[in-house]
Amino acid sequence: MLYLDHAASTPLRPEVRDVMAPFVGARFGNPSGVHATAQQAKNAIEAAREQIAASIGATSPLEIVFTGGGTEADNLAVFGAAWPVRGGIVTTAVEHAAVLESARFAERLGVTVSILPVDRRGCVTPEEVAAHVDERTAVVSVMMANNETGVLQPVAETAHAVRAVSDGTRVHTDAVQAFASLPVVVYDGGPDLISVSAHKIGGPQGVGFLFVRDGIELEPVIHGGGQELGRRSGTHNVAAIVGLGAAVEATVAERAGYRTRVAAARDRFEHDLRSRINVESTAGEAERLVSHSHLRFPGIAAETLLVRLDLAGVAAAAGAACHSGAIDSSHVLTAMGIEPAAAAESVRFSFGRDDDESTGAIAAATVAGVVEELL
Amino acid sequence: MRALVAMSGGVDSSVAAALMIDAGYDVVGVTLKQWVGAGGAMPTAGCCTVSDAEDARRVAAQLDVPYYVLDYVEEFTEAVVEPFGAAYLAGFTPNPCIECNRKVRFSALLERTAELDADVLVTGHHARVMHDADGWHLLRATDDTKDQSYVLHMLGQDELSRIRLPIGEMTKVEVRQRAADLGLRTAGKPDSQDICFVGSGDYRDFLSDNFPETALPGPVVDTSGSIIGEHAGVTGFTIGQRRGLGIAVGEARYVVDIEPLERRVVVGSYEDLLVDGCTVIDVTFTSDAPPTFSEVTVKVGYRATAVPAVLAPSGDRWEVSFVDRHPAPAPGQSAVFYDGDRVLGGGIIDGVVRS
């Protein structure tokens with residue numbers, strides 16, 4: 001099988017599975033306890049916290065809050081930062097639903113929300129964002145890279161521009177898609193809140209973290225026993241957190257090589273496809289992640305193409321998969337001004353850490369073969 | 001050979017998929033997402049719900065065949081739901097399952113069948129498709145109590161050549177037994193009776209919610225035109241209806257006519273209800289059109305009994321003359337013509353003939 005949907009989920013790293021194994025076995029303790037079994041678990045999650053803090057350059061491990069994944073990290077960042085001060089939320093129309101729906105939830109509770117339009121490539125400008133910010137803005141959320149198109153946003157410049165207008169406004173970025181290939185580093189003047197998910201980088205599903213710059217008060221979105229300094233209640237998923245720590249460390253260590261190999265896979269894929277069939281890059285010439293290839297196949301329904309590809313052993317994605325498994329139209333493509341008919345002909349291919357140029361060539365040959373049969 | 005099996009999540013299509021595997025096909029299961037509730041999610045009550053799709057998915061997994069949910073919401077809304085409301089407003093009693101088969105299942109999905117590199121489209125309908133020297137034939141199901149050939153009458157030679165109905169030879173009991181033998185979770189699942197997009201509620205509620213102009217009151221009159229009552233909307237009535245007329249008179253009364261523009265419902269005696277024939281529009285035949293004055297049997301509703309009649313073309317319509325006077329069929333329902341077990345074709349009833 002040719003798996004080209006790493007942006008949805010990428011396989012668990014073998015070394016991650018190895019470090020997790022004891023915690024789905026003998027080391028079953030609840031970290032919130034006094035005895036040795038509990039302390040063993042507690043030490044494991046604190047080690048993971050330190051591992052992650054070191055990997056992203058956080059000042060203190062306590063700036064890392066473990067969550068049940070990227071969506072929960074986004075909820076905690078957006079709602080959590082806005083609610084304590086009842087301040088406004090400024091974000092973009094191409095954010096992940098976790099950010100947009102958190103903003104809309106806050107809006108229903110009376111928070112002012114601005115969802116900014118993007119250009120044809122799917123980008124906002126720092127100036128545009130700053131123009132919507134004032135002292136009453138609690139949080140600005142702009143993703144590092146889009147999950148569908150892979151298009152990068154100017155997060156550093158946006159943070160700078162926002163601070164020039166309003167010192168107290170928190171800047172959040174969803175780095176879930178970007179973390180595999182781009183440096184995610186904490187620095188003065190950079191984002192205050194950063195969401196990361198484990199299963200996009202070779203960790204297990206259902207776990208992630210939110211970097212929360214020291215001193216920022218957040219309203220929790222999960223209420224209970226006060227774990228994670230009250231910021232995320234609920235018994236820790238110890239095995240998953242241990243796996244998250246290992247996945248983050250391995251990802252950061254291997255990032256440069258990943259970028260080179262995966263870019264070669266993606267570029268070869270697109271090059272070979274273009275030489276055989278008519279395809280359009282959805283994001284045009286926008287700067288994007290090396291892993292993502294979002295393409296329109298004029299005249300071919302994405303739904304048909306995805307089924308044909310799957311039957312041919314190729315896994316790809318389109319739009320947003322809804323509960324039933326049907327394809328829902330993409331709010332990202334709509335925000336980019338792409339007509340529904342064109343959006344319904346667009347498919348995402350995303351490469352992973354074990355892919356290289358040869359994967360790209362094989363993928364292109366297979367995809368082009370299926371497309372040619374449909375034309 | 002690859003077979004695309006339309007799996008609704010019911011026992012019939014589950015067994016149909018299993019039978020196609022036995023017949024040596026590479027089976028691909030699909031569920032059509034046809035209708036969405038508020039918020040764009042699949043409905044949770046009635047037919048074609050999320051849980052039906054999950055049943056279909058689990059059966060496909062158990063049979064170890066690929067399975068997909070395909071989005072036909074736009075086609076279905078346009079071809080089935082909107083005309084459903086419009087037909088009621090025009091005083092017709094539509095059959096949305098027939099329109100779905102005509103415009104979605106056996107046109108859009110049949111087109112998709114070729115695109116998905118499948119040779120045949122398979123459904124769990126109780127009817128039979130056969131081939132002989134004369135071509136393709138659509139026949140009643142072996143289990144007459146479950147026969148669904150009525151809702152498939154629009155299929156022509158091209159469609160029939162690409163459709164397989166593997167459970168048409170089986171009784172419902174046999175289908176359930178087969179499902180149980182295979183350990184399929186749908187073996188004991190009740191048959192769905194509802195119109196899928198109406199859900200578990202009453203179709204009148206669906207109409208008044210989605211087409212509010214169908215819920216305007218009007219008079220109930222007798223055949224002489226005297227007002228004898230009031231109704232809450234003509235869509236609550238079907239020609240031939242006996243119950244729920246809201247009038248108290250001695251002898252049995254039936255709806256004998258609906259005049260949508262005046263929002264009048266006309267009631268009369270059984271004798272007033274009897275007609276000599278009906279006219280049928282949009283007629284198609286499974287094969288060549290039969291000769292004028294062919295003696296056929298005709299079904300004028302899904303649950304109606306087939307009765308002898310004579311067929312003759314009349315302009316762009318066909319006229320059906322019942323051999324014995326027959327209670328008036330409801331305009332909007334389909335008239336389906338049979339030669340014994342064989343479906344000749346059919347169309348939509350648009351009027352009655354009284355001599």
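**Reasoning about a predicted two-chain model**

Q: What makes the largest nonpolar core of this predicted model a core, and which residues have the most contacts inside it?
A: The largest nonpolar core holds 219 residues, and those with the most contacts inside it are A:Ala82, A:Phe209, A:Leu210 and B:Val5. The set is called a nonpolar core because its members are buried nonpolar residues joined through C-beta atoms within 7 Å. Helix 7 of chain A gives the largest share of this core, 15 residues. In soluble globular proteins, nonpolar side chains tend to be buried together.

Q: Which residues are in contact with A:Leu210, leaving aside its neighbours within four places in sequence?
A: They are A:Val65, A:Thr67, A:Ala73, A:Leu76, A:Ala77, A:Leu193, A:Ile194 and A:Ser195. Each of these pairs is called a contact because the C-beta atoms lie within 7 Å.

Q: Why are certain residues of helix 6 of chain A called buried, and which are they?
A: In helix 6, residues 155–165 of chain A, the buried residues are A:Val155, A:Thr158, A:Ala159, A:Ala161 and A:Val162. They are called buried because each has 20 or more other C-beta atoms within 10 Å of its own. The buried residues of this helix pack against helix 5 (126–131), strand 5 (137–141) and strand 6 (170–174) of chain A. An α-helix has 3.6 residues a turn, so residues three or four places apart point the same way.

Q: What are the two domains of chain A, and how far apart do their C-alpha centres lie?
A: The domain assignment gives domain 1 as 2–8 + 254–374 and domain 2 as 14–250. Their C-alpha centres lie 27 Å apart. The contact between them takes 24 residues from domain 1 and 22 residues from domain 2.

Q: Which elements give two or more residues to the side of domain 1 of chain A that touches domain 2 of chain A?
A: They are helix 7 (238–276), strand 10 (292–296) and helix 9 (331–335) of chain A. Helix 7 of chain A supplies the largest share, five residues. By kind, the residues of this side divide into 10 nonpolar, seven polar and seven charged.

Q: Why does the radius of gyration of chain B agree with that of a compact globule?
A: A compact globule of 355 residues would have a radius of gyration near 20 Å, and chain B has 21 Å; therefore the two agree. The C-alpha atoms of chain B fill a box of roughly 65 × 50 × 35 Å along the principal axes. Of its 355 residues, 47% count as buried. Chain B contains eight helices and 17 strands.

Notes: Residues numbered from 1 in each chain as written. Chains lettered and ligands numbered in written order. Predicted model: local features only at pLDDT ≥ 70, side-chain atom pairs only at ≥ 80, totals over all residues. Domains from an automatic or database assignment. Contact = placed C-beta atoms within 7 Å. Helix = DSSP H or I, 4+ residues; strand = E, 2+ residues; numbered from the N terminus. Nonpolar A, V, L, I, M, F, W, Y, C, P; charged D, E, K, R; others polar. Rg over C-alpha atoms; globule rule 2.2 N^0.38 Å. Buried ≥ 20, exposed ≤ 12 C-beta atoms within 10 Å, placed from the backbone.
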